Amino acid sequence: MPRPAKIPTPPPPGYVWTPEAARRIGRSVKTLWNYAHLGKGPRPVRIGRKLAYKISELDAFLQEEMNAEPDPARAHESRPAEPRVSHKPARAAA
C-alpha cells in the first residue's frame, strides 16, 4: 500500500517559512540562514526545526533597505586601486 503524501505544515498566521521569505525579499535561502547566524536582517522565529519570518518584519526590512541613506563614515572603507604591474619581461636595450 503506498504511503500518503506528506502535506507541509503551514506556518503560523502572519509568518512565512524561510523559502517564501527569501523569495519575498529577493535573497537566497542560504543568505537568510547566514543573516540569522550573524544577527542581521529580519529576525526569524524557530518553530520546531524550521525558521519562520514575520511578514511585517520582512516588509520593514525591505522598506529600510529601499530608504537607506549612505553612511558617510563608511564612504572610504574600500582599498584604493593598486598600481598596474606589467608582467611582460623588460626589453633589452639595443
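**Exercise 1.** In which sense do β1 and strand β3 pair, and over how many bridges?

*Solution.* The model examined here is predicted. Step one is to locate strand β3, which comprises residues 50-54. Step two is to read the pairing: β1 and β3 are joined in the antiparallel sense over three bridges. One residue pair illustrates this, since Val-16 has Tyr-53 in β3 as its bridge partner.

**Exercise 2.** Determine the strand order of the sheet and identify its edge strands.

*Solution.* The three strands form an open sheet with the order β1-β3-β2, and the pairing is antiparallel. The edge strands are β1 (15-17) and β2 (44-47), each of which pairs on one side only. From one strand to the next, the twist averages 40°.

**Exercise 3.** State which strands helix α2 and helix α3 each lie across.

*Solution.* Begin with α2 (residues 29-38): this helix lies across β2 and β3 and runs at about 85° to β3. Continue with α3 (residues 55-66): this helix lies across β1 and β3, at about 65° to β3.

**Exercise 4.** Classify the packing of helix α1 against α2 and describe the residues in contact.

*Solution.* First, take the geometry: α1 (residues 18-25) and α2 pack at an angle of about 100°, and their axes are 9 Å apart. Angles of 65 to 115 degrees count as roughly perpendicular; therefore α1 is roughly perpendicular to α2. Next, list the residues: α1 contributes Thr-18, Pro-19, Ala-21, Ala-22 and Ile-25, while α2 contributes Val-29, Leu-32 and Trp-33. Finally, sort the residues of this contact by type: seven are nonpolar, one is polar and none is charged.

Definitions and conventions. Residues are numbered from 1 along each chain as its sequence is written. This is a predicted model: local features need pLDDT of at least 70, side-chain atom pairs count only at pLDDT 80 or more; totals for chains, interfaces and linings use all residues. Side-chain values use heavy atoms; hydrogens and water are left out. Two strands pair if DSSP finds at least two bridges between them. Helices (H or I, at least four residues) and strands (E, at least two) are DSSP runs, numbered from the N terminus. Axes are lines fitted to C-alpha atoms, for helices over the stretch in contact, and angles run from 0 to 180 degrees between N-to-C directions. Contact means heavy atoms within 4.5 Å. Angles under 35 degrees count as roughly parallel, over 145 as roughly antiparallel, 65 to 115 as roughly perpendicular and the rest as oblique. Ala, Val, Leu, Ile, Met, Phe, Trp, Tyr, Cys and Pro count as nonpolar, Asp, Glu, Lys and Arg as charged, and the others, Gly among them, as polar.
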